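Here is a short tour of a metal site and of a helix in the same protein. Have the structure open as you read, and feel free to rotate it as we go.

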Amino acid sequence: MSSFTSFLMSSWKLSMIANRRISSLTSRNMCLHTPLTVMLDPLPAMTQLLDRFASYRIMNKLQNSLRDRGICSPPYLEINTSDQVEIRKAVEKKQLNYPLICKTRVAHGSRSHEVSVVMSQFVLMLLCTPLNSWSICVWIPGPPCVLQSFVNHGAVLHKVFVVGEAHFTVERPSLKNFPLGPCDRKTIFFNSHEVSKPESCSHLTALDDNTPRLPPPSGDVMVALVKELRAELGMALFGVDTIVNIHTRTLTIIDINIFPGYEGVPQFFSSLLSHIESVLKHRGTVPPPREPSPLPVPPICSRRSGF
Ligand SMILES: Nc1ncnc2c1ncn2[C@@H]1O[C@H](COP(=O)(O)OP(=O)(O)OP(=O)(O)O)[C@@H](O)[C@H]1O
Ligand SMILES: O=P(O)(O)O[C@H]1[C@H](OP(=O)(O)O)[C@@H](OP(=O)(O)O)[C@@H](O)[C@@H](O)[C@@H]1OP(=O)(O)O
Ligand SMILES: [Mg+2]
């Protein structure tokens, strides 16, 4: 790793540590100094979703409690190293399936939506070689990042927008199906906002006409997912991105977002007002939301500890 990259990594780690301290101090201070201030969502709960390592652990934990409802999240690995042998071993041990989708550890911000789909072990290695210190200039995700098994889902994303007790599901374009298993296709690089915004129109989302369309996920399953996630996160304003596996029909969680855009939800403003009214009405009568609990640490591909 170049000294420049180390410098970036150290700054980022420091800023993450500082952010955590600031966010916990800020929320405490705000409540102490302005007792009339009502926090709609606790800052520590929001801060954890800036880090995909944390949000993927939550998704992984959730699938244990929701497996009976046919909900899961794809297997993934936290990557903290450029050591190719170590990464290859970890991918094999965790039984991740190619293609693999690679996302930055930091989940929000302009550099956080550069994603790649890696088709084979060989290309995966290239991504993680010193080449990547150079490729940081074009923002190809490299360590720290997550590798997640790609799930074929017929190019439809079901975005769930949560506002307190209410939630709304909108369909968005998404990545098309790819052949399962390693193959010698080139790695695909894209920005998530080019494929999954309402107006997105990309060759990466274009399906053959004869690809069957799956029915949308059942309302009951969505209710169960949102209920569990609200309790787990201790939050009321967030988004969860889901897809339906075309082979198993399982509802699959791929991402959780802090206070998303709610685009395509005309009821957002009225729902937010109802939520605020409800929060004010029950103020002091309900226990404060849970602090984020320490999560079990999954296999990490690293010789260093995280931050
Ligand atoms: N495991 C997966 N299997 C198949 N497709 C996936 C998977 N993960 C992500 N995708 C595709 O990649 C897109 C971007 O992924 P993701 O939502 O994790 O990125 P993001 O940058 O956090 O996006 P957003 O800004 O919407 O939060 C998804 O909308 C979906 O099309
Ligand atoms: O608000 P911004 O433009 O910054 O973008 C946010 C975007 O909201 P938008 O819909 O208003 O664009 C969200 O999209 P939807 O889930 O709602 O589709 C989601 O992608 C966030 O990750 C983005 O936050 P960022 O990572 O950039 O901080
Ligand atoms: Mg996201």
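## Aspartate 255 and the magnesium ion

Aspartate 255 counts as buried, since its relative accessibility is 11%. Bear in mind that this is a predicted model. Aspartate 255 sits in strand E10, which runs over residues 251-258. Setting aside neighbours within four places in sequence, aspartate 255 is in contact with Arg52, Met59, Gly239, Val240 and Asp241.

Which protein atoms act as donors to the magnesium ion (ligand 3)? They are OD of Asp255 and OD1 of Asn257, lying 2.2 Å from the ion. Asparagine 257 is buried as well, with a relative accessible area of 12%, where under 20% is the cut-off for buried.

## Aspartate 241, the other annotated position

An unreviewed UniProt entry places the feature "binding site" at Asp241 and Asp255. Asp255 is a donor of the magnesium ion, so let us turn to Asp241, which belongs to strand E9. Is aspartate 241 buried or exposed? With a relative accessible area of 7%, aspartate 241 is buried.

Its surroundings are worth a look. Not counting residues up to four places away in sequence, aspartate 241 touches Leu157, His158, Lys159, Thr252, Ile253, Ile254, Asp255 and Asn257. Two of these, Asp255 and Asn257, are the protein donors of the magnesium ion. The side chain of aspartate 241 also makes a polar contact, at 2.9 Å, with the side chain of lysine 159.

## Helix H9 and its two faces

Now for the helix. H9 covers residues 268-281, 14 residues in total. From first C-alpha to last, H9 reaches 20 Å, close to the 20 Å expected at 1.5 Å a residue. The buried residues of H9 are Phe268, Ser271, Leu272 and His275. These residues lie on the same side of H9, because they cover an arc of only 100° around its axis.

What do the buried residues of H9 pack against? Their partners are strand E6 (156-163), strand E7 (166-173) and strand E9 (237-244). Strand E9 is also the one that holds aspartate 241. On the face of H9 turned away from the buried side you will find the exposed residues Phe269, Glu277 and Lys281.

Notes. Residues are numbered from 1 along each chain as its sequence is written. Chains are lettered from A and ligands numbered from 1 in the order in which they are written. This is a predicted model: local features need pLDDT of at least 70, side-chain atom pairs count only at pLDDT 80 or more; totals for chains, interfaces and linings use all residues. Side-chain values use heavy atoms; hydrogens and water are left out. Donors are N, O and S atoms within 2.8 Å of the metal (3.2 Å for Na, K and Ca); water is not among the atoms, so sites may look incomplete. Buried means under 20% relative accessible area, exposed over 50%, partly exposed in between (1.4 Å probe, protein chains only). Helices (H or I, at least four residues) and strands (E, at least two) are DSSP runs, numbered from the N terminus. The expected span of a helix is 1.5 Å times one less than its number of residues. The arc is that of the directions from the helix axis to the C-beta atoms. Contact means heavy atoms within 4.5 Å. UniProt positions are given in the numbering used here, feature names are shortened, and annotations may be inferred rather than shown by experiment. A polar contact is a pair of N or O atoms within 3.5 Å; within protein, one must be able to donate a hydrogen and the other to accept it, and residues adjacent in sequence count only if both atoms are side-chain atoms.
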